[in-house]
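Student: I am new to this structure. Please take one strand and go through its surroundings closely, then do the same for a sheet elsewhere in the chain.

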Amino acid sequence: MSKSIYPVRRDSDLVRLLTHLRGATGPASGEALAGLFGTSRAALQKKIERLRSLGFGISAKSGVGYLLESTPDRIDALAVLPLVRTEWMASSLLALEECGSTNDEAKALAQSGALAGIVVTTEKQTAGRGRRGRIWHSPAYENLAMSILLRPNLAPQDAGLLTLMAAVVVSEAIFDVTGLQSILKWPNDILVQGKKLCGILTEMAADPESIDWVVVGIGCNVNPEGMPNDLADIAISLRMALGHRVDRARLAAAIIESMEKWHDRLVGHGPGPVLEAWRSAPNILGQHVTVHPPPPAERVTGIAEDLGPDGSLLLRLPDGTRRIILAGDLVMEA
Ligand code: BTN
């Protein structure tokens, strides 16, 4: 069940008001704010009251102005959009208190004609999906679960590049917000201390010539203090790695900004920059790995040597031959 059922636009009054309050270096005068929004002081006061009722701590000093003192720990439109500086990405955001899967919500939006760049977030996913039909578990209110709708002008055979791009985007955003350097595991897992920090599920609809839509779903373990026993050896959160909580809204905003930058580079300049960014980030290239491809193909072991121009993995086998891997799960060997 979702509380908000409509996307909120970035140019809506409350988002603009919060953007202004966040950007101000001190109290913002009521008169100036009312002027900025072309409204009366009384109407401005109502908007401030509305924001307070939603958990924003806004103090007011008569004759001085309004000061944003605190923001709630949420990943909804009012928490995320005032932090976003992009041209077209996240021009609107649909925040659901609870949903099955943000990827399914974004796919439904895509099928009903939504514009590229719409973002879906949720606090609680009840049917989160991972790659290859796996379940994605994520405790409510602690993590990031978001999906972004793209309509890139690319050929369907280049879809693998979007997967690599998403990994570059998320690891860059994590670094920008926390300073933490993560490791890219082909095709698009993000690891820290050898354990999974983020998973990315890219889904698309295409005809033989062109991509209609792509949904990039991102799940990141952010603020859990620990992992359940069955995941303790394989999963980690940012808080566990860093020893402190991380602002989820800031991370979501950084992902959105980085997504616009890398999407536009990929569409505008071809695969080169994305492949180069993936190769030059800390990654699993050079390591001994076993690849489990989708059945019926057999697993294969070798050295992860490089990326192909389409984002595939080039594996050097023990007999010296090279195998091109288009899809699969990677397990690192000792
Ligand atoms: C994987 O590692 O297998 C991918 C996990 C992707 C999880 C995210 S959470 C947001 C989005 N909604 C989903 O149902 N899945 C993705």
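Tutor: In this predicted model, strand 5 covers residues 119-125, and six of its seven residues are buried, so the rest of the structure largely encloses it. Buried here stands for under 20% relative accessible area.

Strand 5 is joined to strand 4, residues 92-99, by six bridges, and the two run parallel. One of the pairs across them is glutamate 98 with lysine 124, the latter lying in strand 5. Helix 5, residues 102-111, belongs with these two strands: strand 4, helix 5 and strand 5 form a right-handed β-α-β unit.

Strand 5 also pairs with strand 6, residues 144-150, this time antiparallel and over three bridges. Here valine 119 has isoleucine 148 of strand 6 as its bridge partner. Both senses of pairing are known in general: strands of a sheet pair through backbone hydrogen bonds, either parallel or antiparallel.

Now the other sheet. It is open, has five strands in the order 14-13-12-11-15, and its pairing is antiparallel. Strand 14 (322-325) and strand 15 (329-332) stand at the edges; each has a single partner strand, so one side of each has no neighbour in the sheet. On average, neighbouring strands of this sheet are turned by 45 degrees against each other, direction ignored. Within the order, strand 11 (residues 288-292) and strand 12 (residues 300-307) are an antiparallel pair with four bridges. Histidine 288 has isoleucine 303, in strand 12, as its bridge partner.

Definitions and conventions
Residues are numbered from 1 along each chain as its sequence is written. This is a predicted model: local features need pLDDT of at least 70, side-chain atom pairs count only at pLDDT 80 or more; totals for chains, interfaces and linings use all residues. Side-chain values use heavy atoms; hydrogens and water are left out. Buried means under 20% relative accessible area, exposed over 50%, partly exposed in between (1.4 Å probe, protein chains only). Two strands pair if DSSP finds at least two bridges between them. A crossover is right-handed if, with the strands pointing away from the viewer, the path from the first strand over the helix to the second runs clockwise. Axes are lines fitted to C-alpha atoms, for helices over the stretch in contact, and angles run from 0 to 180 degrees between N-to-C directions.
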